[in-house]
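Let's take a walk through this protein together, starting with the overall picture and moving on to individual side chains. Have the structure open and follow along.

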Amino acid sequence: QANESQTDTTTMISQLRSYYCRFSIVVLATILLSTTSFTDAQTCNGILISYSAGTGVRLPPNVTDPKKQPYRFESTLTVLNNGLDELKSWKVFVGFQHDEFLVSASDAVLADGTTLPAAVGNGTVFAGYPMTDLKTAVETAGDLTQMQAQIDLVGTVFGVKPPNVPLPSSINLANDGFICGKAIGQGKNGTNVCCTRDPKFKTNITTDEKFLPRQDGDLTIMYDVIRSYDSNYWAEVAISNHNSLGRLDNWKLNWDWMNDEFIFAMKGAYPSVVDASDCIFGKQGTFYKDLDFATVLNCQRRPTIIDLPPTKFNDTDLGKIPSCCRNGTILPPSMDPSKSVSRFQMQVFKMPPVLNRSELSPPQNWKISGSLNPDYKCGPPIRVSPTANPDPTGLPLNKTVMASWQVVCNITTAKGTSSKCCVSFSAYYNESVIPCKTCACGCTKNVGNTCSTTAPAMWLPSEALLVPFDNRTAKARAWAALKHLPMPKPMPCSDNCGVSINWHLLTDYNKGWSARVTLFNWGDTNFADWFAAVQMDKATAGFEKMYSFNGSAIEINGVNNTIIMQGLEGLNYLVGETDGADPQRDPRVPGKQQSVMSFTKKTTPGISVIHGDGFPTKVFFNGEECSLPSVFPTSSAFRKEFSFATLMLLPLLLAVFMW
């Protein structure tokens, strides 16, 4: 028996040794596969980022130009935390350079909120999901499942024929406060880089804080879980505008559900499409067999949420949410702080395996847009400290929500993006109006010979500003002939803008000057609570008042060069274009509002009004920057006409004098 016991013990020890060896081999293999170099994994005392690519496979169609031939690519991006501090909300930039079209990415999303598939040929930033934070080896005893994120990428690349491999131009950590060294190649199929903390970077974040601090942005979205149950939760979404000139009208909010969630109920907003068919015929209907899906609001993976009209604010079922129900209008805080926030609540049902009240995950790939408003790019949701709200009982204390995430959105202008409004210039000393630029708000690609997209806009008489572009041709031709102005063939295309603004230099005298601002709405959309703003580097300090609008000078980013204007109370409604008195004969009439504004020269000595200082350098309408003319009205024509008129009067004056 003793021999048998000794044999069993020896066998057990042998099995343990074998298991330990296999475990060690697996760990080492994981490191080798994920970082491409065991040496680099050991020597990098920071964040090690590696990228390895496999050979591609040719895809149809077959094209004659080898640079345009598509190939399938598969690659792996690995982020390993070898530092002493936890990496919260990791983000990595990959400099794709071969017109890559990314189809899928495991365990990550695009940080700018773009939904896959998407073109990433100019490079893109990945953000971790669902594992957003990477712990350290010290706090996990070297557990790679908590220290490392491995993202498998699949997509299409152009012009990189096997055996060549489409490697990115660069890879680096996109989190603030890190310095990345030079990328090191790992053979022909991979590259890696080590990023360490920048000792010069100043931050108010301490390493023992559980959450990242809230960030600043043009617009922020808070996703607060206010009640949580095993199978569902209630979330409150608050959209806050922080940009002094930013604005949203008829906002539309989109996101992607990542775990088959669906919206059961809402208050303060509503889905643009009420449809439960995806649930009924999907896995949700199979799991929730006893749920009445007739009352479910939306089962789309990417829903579109819209605001409710003001009439629903006091509705017991749909309203009763602070800052809701404004037809999707979010004003800048400089205009009305009480209307710079929009809020709604929704009940979200979850799906297995996350059926636990503590397992909470926000949707990803957020996007917000409006009509005639700036374009916003939104980052990924970042876990922040729970929002504290005043206690509803009235007690002097705050009540925190279950969990909070913040989405930061900033105004961006993509290359080649057209404006949505334009400006024309005119002055008292020149009879011609410099109109909006040709194709200021874009032109269709196939205009043929009907008009020229490159010819400069033709100068106009002032009365032509009240006429739609299609009805200006005769006036433009007659004015060009009268004033001996060039007449291009074919004629220039329209500006194609729904809103145009005329800035007219009205007077200029010793102690001050004045301008007249006229807004034209050529579209069908009415603008309630509209606002406009002008930036004037040298003239704003002399602004006195507006006579038919509310106007005030404001400071933006420490610079006092902006004048914001809006309609007076009861008159802040810019209507759309309407029919003329006789629709069969008369052209359509734009919605129009106008005001004169006065300036003093006392606080702006040396200002040259007619030589450019009296014209704005930037103009905004409802937060959208408008296209400006390239030139100012000149006084040369005025001088010529004045000299000719004086010459004609000289004989009469002489006759009177001699008489």
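The secondary structure of this predicted model comes to nine helices and 40 strands. The protein has 659 residues, and 46% of them count as buried. Among contacts with a separation of 6 or more, 70% join residues that are 24 or more positions apart. On the outside, the accessible surface is about 34300 Å², and 55% of that belongs to carbon and sulfur atoms.

Let's turn to the aromatic side chains. A search of the whole structure finds 23 aromatic pairs. One of them is W255 with W366, a tilted pair with 5.0 Å from centre to centre and 45 degrees between the planes. W255 belongs to strand β16 (residues 252-256) and W366 to strand β21 (residues 364-369), so this pair ties together parts that are 111 residues apart in sequence. Are these two rings buried or exposed? W255 has a relative accessible area of 0%, and is therefore buried; W366 is buried too, at 2%.

A second pair to find is F543 with F599. Their ring centres are 5.8 Å apart and the planes meet at 65 degrees; because an angle over 60 degrees counts as edge-to-face, that is the name for this pair. F543 lies in strand β34 (residues 543-546) and F599 in strand β38 (residues 591-600), so the pair links parts of the chain 56 residues apart in sequence. Both F543 and F599 are buried.

Now go back to W255 and W366, for they have company. Together with Y223, Y233, W257 and W405, they form one aromatic cluster. A charged side chain joins the scene here: R383 lies over the face of W405, at 4.8 Å from the ring centre.

For a nonpolar group on the surface, look at F101, V103 and F158, which form a patch with about 230 Å² of accessible area together. F101 sits in strand β5 (residues 101-105) and is partly exposed, with a relative accessible area of 34%.

Next come the charged pairs. How many salt bridges are there? The count comes to 17. In one of them K88 pairs with E86, with the closest N and O atoms 3.6 Å apart. K88 counts as buried at 14% relative accessibility, whereas E86 is partly exposed at 22%.

Another salt bridge joins K601 to D508, with 2.7 Å between the closest N and O atoms. K601 lies in the loop between β38 and α8 (609-613) and D508 in strand β30 (residues 499-508), so parts 93 residues apart in sequence are tied together. D508 counts as partly exposed, at 27% relative accessibility.

R588 and D524 also form a salt bridge, their closest N and O atoms being 3.9 Å apart. R588 is in the loop between β37 (573-574) and β38, and D524 in the loop between β31 (512-521) and β32 (527-528), so this pair bridges 64 residues of sequence. R588 is partly exposed at 31%, while D524 is exposed at 68%. Both residues belong to a network of salt bridges that links D524, E577, D579 and R588.

Our last stop is A455, in the loop between β28 (430-434) and β29 (460-461). A455 has 11% relative accessibility and therefore counts as buried. Which residues does A455 touch, leaving aside its neighbours within four places in sequence? They are T438, P488 and P492. The C-alpha atoms of A455 and P492 are separated by 5.2 Å, although the two residues are 37 apart along the chain.

Notes:
Residues numbered from 1 in each chain as written. Predicted model: local features only at pLDDT ≥ 70, side-chain atom pairs only at ≥ 80, totals over all residues. Heavy atoms only, no water. Helix = DSSP H or I, 4+ residues; strand = E, 2+ residues; numbered from the N terminus. Buried < 20%, exposed > 50% of the residue type's maximum accessible area, 1.4 Å probe, protein only. Contact = heavy atoms within 4.5 Å. Areas by Shrake-Rupley, 256 points an atom, 1.4 Å probe, with all protein chains shown as cover. Patch = residues over 30% accessible without salt bridge, like charges linked within 9 Å, V, L, I, M, F, W, Y side chains within 5 Å. Salt bridge = Lys/Arg side-chain N within 4 Å of Asp/Glu carboxyl O. Phe/Tyr/Trp six-rings, centres within 6.5 Å; stacked < 30°, edge-to-face > 60°. Lys NZ or Arg CZ within 6 Å of the ring centre and 35° of its normal.
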